[in-house]
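Reader: I have a chain to look at and would like to go through its charged pairs. Can you put it up?
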Amino acid sequence: MTVAISEIIENGIIFDLKNWNKKIMNSNKLLENVNQLFKILENRKINYLLVGGVALLSYIEGRNTQDIDLILSVDELNQLPEMIVNEQKKDFIRGSFGFLQIDILLTQNNLFNLSFG
């Protein structure tokens, strides 16, 4: 699955017209970052939910994305010190993990307190 994720992100970057004049990242490094991120999440038993464009592309085609979107608690996020926080708001964090942009929706958001049962 991590190879597919890195391909999705790489394609999103390559086919974005805004990036055509920029130097594109090394594909091997991107794959390495994706593998490393998911290995850390698994080894540290960090509870997460993969959402956003990458998750959506499991069901439909024709969409590109350039990041990984996760839902995490603050406690779980604290177990991922390798991620550099670039922007932080009340319920949202944008960070980077090597070449990867990671957007995190925090479970402290009131949306996650809703009950549908």
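Author: One term before we start: buried means under 20% relative accessible area, exposed means over 50%, and partly exposed lies in between. Keep in mind that this is a predicted model.

Reader: Fine. How many salt bridges does a search of the whole structure find?
Author: The search finds three.

Reader: Which residue does arginine 44 meet in a salt bridge?
Author: Its partner is glutamate 82, at 2.5 Å from N to O. The two residues are 38 apart and link distant parts of the chain. Arginine 44 sits in the loop between helix H2 (27–43) and strand S1 (49–51), while glutamate 82 is in the loop between helix H4 (74–77) and strand S3 (84–88).

Reader: Is arginine 44 buried, exposed or partly exposed?
Author: Partly exposed, because its relative accessible area of 33% falls between the 20% and 50% cut-offs. Glutamate 82 is partly exposed as well, at 32%.

Reader: Switching pairs. What does aspartate 103 form a salt bridge with?
Author: With arginine 94, where the closest N and O atoms are 2.7 Å apart.

Reader: And why does aspartate 103 count as buried?
Author: Its relative accessibility is 6%, and the cut-off for buried is under 20%. Arginine 94 is partly exposed, with 29%.

Reader: Which side chain does lysine 89 meet?
Author: Lysine 89 meets glutamate 87 in a salt bridge, 3.5 Å from N to O. Lysine 89 counts as exposed at 53%, whereas glutamate 87 is partly exposed at 29%.

Notes. Residues numbered from 1 in each chain as written. Predicted model: local features only at pLDDT ≥ 70, side-chain atom pairs only at ≥ 80, totals over all residues. Heavy atoms only, no water. Salt bridge = Lys/Arg side-chain N within 4 Å of Asp/Glu carboxyl O. Helix = DSSP H or I, 4+ residues; strand = E, 2+ residues; numbered from the N terminus. Buried < 20%, exposed > 50% of the residue type's maximum accessible area, 1.4 Å probe, protein only.
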